[in-house]
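Student: Could you take me through one part of this structure slowly? I would like a close look at a single helix and what surrounds it.

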Amino acid sequence: MTVKIINPLPKVHVAVGVIIDRDNRILISKRHNHLHMGGRWEFPGGKLDDEEDVQGALARELLEELSIEVRASAPLIVVEHDYGEKVVLLDVWWVHDFAGEPHGAEGQEVRWVSVEELGDYQFPDANTPIVEAVRKALS
Ligand SMILES: Nc1nc2c([nH]c(=O)n2[C@@H]2O[C@H](COP(=O)(O)OP(=O)(O)OP(=O)(O)O)[C@@H](O)[C@H]2O)c(=O)[nH]1
Ligand SMILES: [Mg+2]
């Protein structure tokens, strides 16, 4: 009998924030060209550090990337997507209260868009269910 050992792809756990303002506009940011999915628009966030929980990573990433402090968040959706070279587990949270004025603290472009305008932007393939969930919640 032969036993085949299959190395599972690394699974990258990512905390993602769908930041929403009082007018139901959503904040999106453009990924730098050199990054995975470079040039596409995303919901801000990033990978969990070792021993960090999702909420901790969400707060840290939004502070680093946008200079805002998360005050209130609520779960929106969890998406697992296989990119071939890696699998991402996107843990997506609404962020409906925050302190500070978000800006591209890492030089990235950021925009506030309406739910109708989301379709005008190209997101990574993993984001299709996220955009659908946002549309459903806000329509
Ligand atoms: N932040 C974010 N990452 C996403 C989204 N959709 C998606 O597929 N990803 C993928 O999730 C992975 C991790 O996200 P990231 O690159 O923001 O991680 P990070 O901020 O920790 O980056 P770093 O490695 O430069 O420190 C990337 O492979 C990215 O392509 C999204 O909407 N937002
Ligand atoms: Mg990031």
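Tutor: Happy to; here is a walk along one helix, α1, and then outward to its neighbours. Keep in mind that this is a predicted model.

Let's start with the helix itself. α1 covers residues 54-66. At 1.5 Å a residue, its 13 residues should span 18 Å, and its end C-alpha atoms are 17 Å apart, which agrees. Just after α1 comes S67, with a positive phi near 60°.

Now see which residues are tucked in. The buried residues of α1 are V54, A57, L58, A59, E61, L62, E65 and L66. An α-helix has 3.6 residues a turn, so residues three or four places apart point the same way. Try following the buried positions in the 3D view with that in mind.

What lies over them? The cover on the buried residues of α1 includes β1, β4, β5, β6 and β7 (110-113).

The helix also belongs to a wider group. The largest nonpolar core has 30 residues, and L58 is listed with V18 and V92 as having the most contacts inside it. Two or more residues of this core come from each of α1, β1, β2, β5, β6 and α2. In soluble globular proteins, nonpolar side chains tend to be buried together. As for V92, its contacts beyond four places in sequence are V16, V18, F43, L76, I77, V78, V79 and I130.

Finally, look at ligand 1. Among the elements covering α1 are β1, β4 and β6, and each of these three strands supplies at least two residues of the shell around ligand 1.

Terms used: Residues numbered from 1 in each chain as written. Chains lettered and ligands numbered in written order. Predicted model: local features only at pLDDT ≥ 70, side-chain atom pairs only at ≥ 80, totals over all residues. Helix = DSSP H or I, 4+ residues; strand = E, 2+ residues; numbered from the N terminus. Core = buried A, V, L, I, M, F, W, Y, C linked by C-beta atoms within 7 Å. Buried ≥ 20, exposed ≤ 12 C-beta atoms within 10 Å, placed from the backbone. Contact = placed C-beta atoms within 7 Å. Expected span 1.5 Å × (residues − 1).
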